[in-house]
Amino acid sequence: MSDESEVEKKLREERHQKGLKLNELGINPYGNGFKPEHLAGEIHAKHANDTAEQLDAAKPGYSIAGRVVSVRDFGKAGFIMVQDRTGALQVHVKKDVLGDAFALYRLLDVGDFVFVKGTAFRSKTGELTLAATEYRPLTKTLRAPPGKFSAEIKLTPEQAERVKAAVAAVTAATDAETDPVKRQKLSDDTVAAQQALMKDDPVAAKAIPQGVAKAWAEKQALHDTEERYRRRYVDLLSNQAVRETFIKRTKLVQFIRNFLDARGYLEVETPMMHPLVSGAAARPFVTHHNVYDVPLFMRIAPELYLKRLVVGGFDRVYEINRNFRNEGVSTRHNPEFTMLEFYEAYATYHDLMDLTEEMISAAAVHVTGSAQVKYGEHVINFAKGWPRIPMRQSILDRVKDLKAEDFANVEKLRAVAMRKAESPADKAAVSTMNVGEATALLFEQYVEHELINPTFITEFPVENSPLARRNDANPAITDRFELFCMGREIANAFSELNDPIDQEQRFKAQVDAKRRGQQETMDYDADYIRALEHGMPPTAGEGIGIDRLCMLLTDAQSIRDVILFPLLRPQTSK
RNA sequence: GGGAGCGUAGCUCAAUUGGCAGAGCAAUGGACUCUUAAUCCAUAGGUUGAAGGUUCGAUUCCUUCCGCUCUCACCA
């Protein structure tokens, strides 16, 4: 697949030859130094309400630069769409205006970058257009963009809904027809019929043919998922929706920074190469430093470093950065992923639930425009007022033959968990579980997948919370919560353990577990114990998976749709 | 690592029971100075992911390999 075919070589050579011809005409096909003074978006915004007559009287002059995303040629004139980071603007090139420079336009291919100077006017069809007085090729592209570009349509949400329905009707009618000529006619007829239904809204009616064109273009855009992930630049340049997803991701991260900064948090960066494995239960990547001749572990969590900073006096800190876990890949797991971790002294996990609810509900509105966010078949309601349910209660709500007192009876818990254990290995694991482990398993089996709207689960068993503070009233549970949404864990937080003696014992338990063969355990971190001996104020800390949160806000079904360059198996030489 | 599915022109997709690999878009040549999926005429474009097997004949059936997707497991 990755080998270049003869056809590909030919298409590439044709474009290369056009570049050579530009050279012959004295134009560097990779020239520089032409600075556009305006953006397509600002020109659209400035003249959104100007009539053709007003523009003809004012003759406003502009210069823009961008990628040519479509060409409609008329021999001695042509319309091209020039797209920059703010959108696309139509440009009209005419031989009698451009003179010799028109020969440069004749060497244009879709995908090339150009610089254009001209005056704005409205074409006969009403589209804001730049009449080129100066035309300059900037970059010759040797490969054509895949598929077809679609025009952007700017409508109110209500109009967009109506147009969408009309476009769906047209598409449904025409998809069945295989003959292209008949299909075009059928399409025109059904567009006219849909427009007739929308006489009350001329703007929306006019957008229908654009919408049909856009639907058609999207159908032909690059869909091959492998190609999209391996060559994200092609995906980005040809799929507007993909660009929007990553813009939303950036908006999300910016919002979180602003939110925490405004609350007196200090953003810091801590090591990504650790001498010890700590902060989470996961298998690390191992690397090596040559001069010190020591093994290093890519961090699986920044937790213990951030808490050292709290000891040092930075009593509100956060870090947004990459963690690395040497595990399987799936629609919800990428080996490197972005995590927000933050720590606040004198706060409890209850305070962090308030903060989390405040931050994520506001982030949802900031990024998507609404607290009700569509995700696949569901609508997630991020509006504040999220339920806070103890883990045991969430299980009792769903397993009717289990009673509160059964949580003292490990045999009973194992029996219930055994119902959902299928493989012999699972059954063996269940049969040796303690109360805490069995409780956590029951939660996974019966509860987790049902939590669609944001829900806090609290009171985690101490057995699988090696860094969390014990609850004062019940030492079997910890002052910890996890936030679930769409059946997935989004955040994990607890009041931190700051008793160095207790921490030392829990590290030892982890080391014992490793000796018993458990691979996902933490190392004994003597320096961290020493830090705690210097005193860490009572602190609560939290981690939020940014990729997974981003998935929820962008309706992404795979984590790879919100990571610009996800990890793929490297292609062999072929 | 286990299971299921997919891979056909640059892009999106067809191909009847195993019977001449085919369209649209993109490209090339030509016409056209207000189009917006521009239009019209013509041309060209393929190692059907790779290797092997069955067969008179394989895009189609079988085996192995490569890659991707989904799913389970591991794990947040």
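The expected span of a helix is 1.5 Å times one less than its number of residues. Keep that in mind for the first stop on this tour of a predicted model.

**Stop 1: helix α1.** Select residues 6-24 of chain A. That's helix α1, with 19 residues. From its first C-alpha to its last it reaches 27 Å, close to the expected 27 Å. Now step just past the helix to Gly26, which follows α1 and has a positive phi, near 85°.

**Stop 2: zoom out.** Show the C-alpha trace of chain A, which spans about 90 × 65 × 50 Å along its principal axes. Its secondary structure comes to 20 helices and 18 strands. Of the chain's 574 residues, 34% count as buried. Take contacts between residues at least 6 apart in sequence, and 67% of them join residues at least 24 apart.

**Stop 3: color by domain.** The domain assignment gives you domain 1 (6-139), domain 2 (157-221), domain 3 (242-398 + 447-561) and domain 4 (399-446). Put a pseudoatom at the C-alpha centre of domain 1 and another at that of domain 2, and they sit 28 Å apart.

**Stop 4: RNA strand B.** Pick strand B and its surroundings: 70 residues of the protein surround the RNA. Label the closest ones, Val7, Gly75, Ser123, Thr125 and Ala213. Coloring this surface by class gives 21 nonpolar, 25 polar and 24 charged residues. Which helix gives the most to the surface near RNA strand B? It's α8 (residues 202-220), with seven residues.

**Stop 5: a three-stranded sheet.** Next, show β7, β9 and β8, an open antiparallel sheet in the order β7-β9-β8. The edges are β7 (273-274) and β8 (286-289), each pairing on one side only. Four bridges join β8 to β9 (residues 294-298). To see the register, select Val286, which stands opposite Phe297 in β9.

**Stop 6: strand β17.** Finally, go to residues 488-495. Is β17 largely enclosed or open? Six of its eight residues are buried, so the strand is largely enclosed by the rest of the structure. On to its partners: β16 (residues 477-485) pairs with β17 in the antiparallel sense over six bridges. Click Glu482 and you'll find its bridge partner, Asn492, in β17. The hairpin has two residues between these strands, and Met486 takes a positive phi there, near 55°. Five bridges also join β17 to β18 (residues 539-545), again antiparallel. End on Ser495, which stands opposite Ala540 in β18.

Definitions and conventions:
Residues are numbered from 1 along each chain as its sequence is written. Chains are lettered from A and ligands numbered from 1 in the order in which they are written. This is a predicted model: local features need pLDDT of at least 70, side-chain atom pairs count only at pLDDT 80 or more; totals for chains, interfaces and linings use all residues. Two strands pair if DSSP finds at least two bridges between them. A residue is near a molecule or strand if its C-beta atom, placed from the backbone, lies within 6 Å of it. Ala, Val, Leu, Ile, Met, Phe, Trp, Tyr, Cys and Pro count as nonpolar, Asp, Glu, Lys and Arg as charged, and the others, Gly among them, as polar. A residue is buried if 20 or more other C-beta atoms lie within 10 Å of its own, exposed if 12 or fewer, and partly exposed in between; C-beta atoms are placed from the backbone. Two residues are in contact if their C-beta atoms, placed from the backbone, lie within 7 Å. Domain bounds come from an automatic or database domain assignment.
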